[in-house]
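Student: I have a new structure to read. Could you walk me through it, one feature at a time?

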Amino acid sequence: MARRTFHMPGGISLPFCIASCAMIACIWGASLVPGTGSSALSLSVVDGVRSMLDALGLASGWVTNFAVRKCAHAMEYATLGVLVSQAIDPGARRTGGRALVIATVLVLVASIDEGIQLFVPGRSGQVTDVALDCGGAAAGVLIRGAFYRLRRRRELS
């Protein structure tokens with residue numbers, strides 16, 4: 001059975017473009033939450049992770065609000081990296097032009113995200129967070145690339 005794909009002009013995947021836009025909206029929406037609400041949410045995650053680790057008999061003291069927030073940044077941008085790279089380069093052709101567009105989109109999203117926070121009470125935009133976000137996005141792009149390489153090897157064997 002043939003797999004149906006939806007591509008826009010230039011080979012861009014429409015479903016992954018929509019998914020990327022939805023993820024960006026979620027990321028930017030979270031940046032609009034004032035500092036007190038954002039801290040309360042991350043502290044509830046800290047409590048949940050600590051409870052889970054304690055129940056497993058594992059050390060939980062290392063789980064801090066800082067660690068949870070930074071992991072969340074990296075994970076959401078890794079997800080975005082996968083989505084954007086699949087949207088812009090669905091066949092994983094790895095051309096320089098597509099790589100440049102992917103990198104530009106991801107850096108702009110991270111920069112705008114931190115810029116938004118400059119105008120939200122109790123939040124601050126940080127260059128270090130842009131770097132962390134870009135690192136997470138790069139990890140997502142690399143993970144997707146590794147998946148495609150494995151898939152191609154299996155198809156050839």
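Student: Is K70 buried, partly exposed or exposed?

Tutor: Keep in mind that this is a predicted model. For burial, look at the relative accessible area; under 20% is buried, over 50% is exposed, and values in between are partly exposed. K70 has 22% relative accessibility, so K70 counts as partly exposed.

Student: What does the side chain of K70 meet?

Tutor: General idea first. Side chains of opposite charge can pair when their charged atoms come close. Here, the side chains of K70 and D129 form a salt bridge, at 2.6 Å from N to O. The pair links distant parts of the chain. K70 belongs to helix α3, residues 65-88. D129 belongs to helix α5, residues 127-156. The two are 59 residues apart.

Student: Is D129 buried or exposed?

Tutor: D129 has a relative accessible area of 5%, so D129 is buried. Its partner K70 is partly exposed.

Student: How many salt bridges does the structure hold?

Tutor: The count is 2. Besides the K70 pair, there is a bridge between E155 and R151. Their closest N and O atoms are 3.6 Å apart.

Student: How far apart do E155 and R151 sit in helix α5?

Tutor: They are 4 residues apart, which means a separation of about one helical turn. Now check the burial of each. E155 is exposed, with a relative accessible area of 55%. R151 is partly exposed, at 32% relative accessibility.

Student: Let me step back to the whole chain. How many helices and strands does the chain have?

Tutor: Count the elements, then read their order. The chain has 5 helices and 2 strands. From the N terminus on, the order is β-β-α-α-α-α-α.

Student: What does the C-alpha trace span along its principal axes?

Tutor: The span is about 50 × 40 × 25 Å. The chain has 157 residues, and 31% of them count as buried.

Student: Which example can I use for a buried residue?

Tutor: Try Y77 in helix α3. Y77 has a relative accessible area of 0%, so Y77 is buried. Then compare sequence with space. Y77 and L132 are 55 residues apart along the chain. Their C-alpha atoms are separated by 8.8 Å.

Student: How far apart are V107 and V130 in sequence and in space?

Tutor: They are 23 residues apart in sequence. From C-alpha to C-alpha, the gap is 7.6 Å. V107 lies in helix α4, while V130 lies in helix α5. Their burial can be read off too. V107 is at 41% relative accessibility and counts as partly exposed. V130 is at 18% and counts as buried.

Student: And how far apart are R151 and A55?

Tutor: In sequence, R151 and A55 are 96 residues apart. In space, their C-alpha atoms are 38 Å apart. R151 is the helix α5 residue from the salt bridge with E155.

Student: Now for pockets. What is the volume of the largest pocket?

Tutor: Here is the idea. Rolling a probe the size of a water molecule over the atoms shows where empty space is left. In this model, the largest pocket has a volume of about 490 Å³.

Student: Which residues lie nearest the centre of the largest pocket?

Tutor: They are S38, R69, A72, H73 and R123. The full lining has 21 residues. By class, the lining has 7 nonpolar, 8 polar and 6 charged residues.

Student: Which helices each supply at least two residues of that lining?

Tutor: Look for α1 (14-31), α2 (35-55), α3 and α4 (96-117). The largest share comes from α3, with 6 residues.

Student: One more feature. Which residues form a nonpolar patch on the surface?

Tutor: For a patch, find the residues and then their joint accessible area. M52, L56 and L58 form one here. Together they have about 320 Å² of accessible area.

Student: Where is L56, and is L56 buried or exposed?

Tutor: L56 sits in the loop between α2 and α3. At 59% relative accessibility, L56 counts as exposed.

Notes:
Residues numbered from 1 in each chain as written. Predicted model: local features only at pLDDT ≥ 70, side-chain atom pairs only at ≥ 80, totals over all residues. Heavy atoms only, no water. Salt bridge = Lys/Arg side-chain N within 4 Å of Asp/Glu carboxyl O. Buried < 20%, exposed > 50% of the residue type's maximum accessible area, 1.4 Å probe, protein only. 1 Å grid on protein atoms, 1.4 Å probe; cavity = no way out; pocket = protein on both sides within 12 Å on 5 of 7 lines; lining within 4 Å. Points joined across faces, edges and corners; volume = space filled by probe spheres on them. Nonpolar A, V, L, I, M, F, W, Y, C, P; charged D, E, K, R; others polar. Patch = residues over 30% accessible without salt bridge, like charges linked within 9 Å, V, L, I, M, F, W, Y side chains within 5 Å. Areas by Shrake-Rupley, 256 points an atom, 1.4 Å probe, with all protein chains shown as cover.
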